[in-house]
Amino acid sequence: MNTERTEYDAVLADPAGVAPREPMRVLVAGGAGYIGSVVTRLLIAEGHHVTVLDDLSTGHADAVPSGVELVRADIADAGTILARGGFDGVLHFAAKSLVGESVSDPAKYWRTNVCGTRALLDAVAEFSVPRLVFSSTAAVYGEPDAIPITEDAPTRPTNPYGASKLSVDMMLAGECAATGLGAVSLRYFNVAGAAWGAGERHGTETHLIPLALDAAAGRRGPLTIFGEDWPTPDGTPIRDYIHVADLARAHVLALGAATAGRHLICNLGSGQGFSVRQVLDAVTNVTGLDVPQQVGPRRAGDPARLIASHERARAELGWAPQQGLADMVRDAWDFAANLANR
Ligand code: UFG
């Protein structure tokens, strides 16, 4: 029994963890990335058999836990793995996910996120894999008319990233109806934190919490607040932050909830909103350090306020978030400190 196994046992000892279920054989596409590597750890802890497929374009080989097979290949080559047979499900995280880059290089987003997923779905159908869980995003909604955002809200993505994810959601609806696949699209709001030794390690970091932590630690210069003239109480945008461990639990539940011929869409957020300034305050509270900061112009395409309704995830998956903003900041802080000391 290695040290990682001991960490997994701690996950399972958590009485609020996911209920035990029959072990499944699953392919995790994008399992060397931030969220995929956390979900892989939970799947292993729950006794599932995992193969990771990742081209390592943004993921890290050492994010895949020891003992888990990593196949370094494009998602378009998923068929070579699924052809082995016996897979009960695919979790699909493999995607390009930078909003700004999707505006400057949209072809990359259509090619990877849409064409790549199409190839994956062809292999899923060819080798009769019964379930698929897809990483969708709140970016499919664009600027919302009403808060909290339900899954029935209009989908009006404001950038190619959101549009590419919405296209896959639509593709999955047709796929389930036509082939009997059981699929769940999980629309993530703002994912943060770290869990079980895995966390955020992006080559190009654009997310608020890791940037604020690095600024507080002096690992980078002052954080730029993208506008303080928004129609919110303190003038900075409001987002719904969700702990990556809570997100991971939702994936394992979704895998179990996938039903033949049905496409289920669930938002994943805490249902609570925090402004940029409230997040920076949380960073100071957790770390005891000020976050050096400056105010800049608004970032193009940023909505003022995004908060999820997670009632459907609660009803359909039996899921509820268990961790708050301070937990996310603390876990991200510990993870970044470990990384810096390596
Ligand atoms: N922000 C700053 N300064 C920074 C970085 C971010 O002020 O240096 C602000 C942003 O304006 C925003 C908030 O912090 O108001 C959160 O920004 P992030 O970049 O961390 O996250 P986003 O809300 O832009 O986007 C995230 C994911 C997307 C996903 C979206 C859905 O990155 O993939 O949530 O809610 F589509």
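Where does Ser128 lie? We come back to that in the last view; keep in mind throughout that this is a predicted model.

**View 1. The open sheet, strand by strand.** Here you're looking at seven strands that line up in the order β3-β2-β1-β4-β5-β6-β11, with parallel pairing. At the edges sit β3 (69–72) and β11 (263–268), and each of these pairs on one side only. Neighbouring strands of the sheet are turned against each other by 20 degrees on average, ignoring direction.

**View 2. Zooming in on β4 and β5.** Strand β4 covers residues 89–92 and strand β5 covers residues 131–137. The two run in the parallel sense and pair over four bridges. If you want one bridge to look for, pick Val90, whose partner in β5 is Leu132. Helix α5 (residues 106–126) packs on the sheet here and touches both β4 and β5. The direction of α5 makes about 175 degrees with that of β4.

**View 3. Helix α6 on the sheet.** Helix α6 (residues 160–179) also packs on the sheet, and the strands it touches are β5, β6 (182–188) and β11. Its direction makes about 155 degrees with that of β5. One of those strands, β11, is an edge strand of the sheet.

**View 4. Who surrounds the ligand.** The ligand has 20 residues around it, and the closest are His207, Thr224, Arg239, Arg299 and Asp302. Sorted by type, this shell holds 12 nonpolar, five polar and three charged residues. Two elements, α7 (208–217) and β8 (223–226), each bring at least two residues to the shell. Which element gives the most to the shell? That's β8, with four residues.

**View 5. Polar neighbours of the ligand's oxygen atoms.** Start with Arg299, where a side-chain N or O atom sits 2.7 Å from an oxygen atom of the ligand. The backbone joins in too: a polar backbone atom of Phe226 is 2.9 Å from a ligand oxygen. For Thr206, a backbone N or O atom lies 3.2 Å from an oxygen atom of the ligand. As for cover, the ligand on its own has 680 Å² of accessible area, and the protein covers 91% of that.

**View 6. Backbone oddities in three loops.** Most residues other than glycine have a negative phi, and most peptide bonds are trans. What kind of peptide bond joins Ile147 and Pro148? It's a cis bond, with omega at about -5 degrees. You'll find Pro148 in the loop between β5 and α6. Leu56 isn't a glycine, yet its phi is positive, at about 60 degrees. Look for Leu56 in the loop between β2 (49–54) and β3. And back to the opening puzzle: Ser128 lies in the loop between α5 and β5. Ser128 isn't a glycine either, but has a positive phi of about 50 degrees.

Notes
Residues numbered from 1 in each chain as written. Predicted model: local features only at pLDDT ≥ 70, side-chain atom pairs only at ≥ 80, totals over all residues. Heavy atoms only, no water. Pairing = 2+ DSSP bridges. Axes fitted to C-alpha atoms, helices over the stretch in contact; angles between N-to-C directions. Contact = heavy atoms within 4.5 Å. Near = heavy atom within 4 Å. Polar contact = N/O pair within 3.5 Å; in protein donor to acceptor, adjacent residues only side chain to side chain. Areas by Shrake-Rupley, 256 points an atom, 1.4 Å probe, with all protein chains shown as cover. Nonpolar A, V, L, I, M, F, W, Y, C, P; charged D, E, K, R; others polar.
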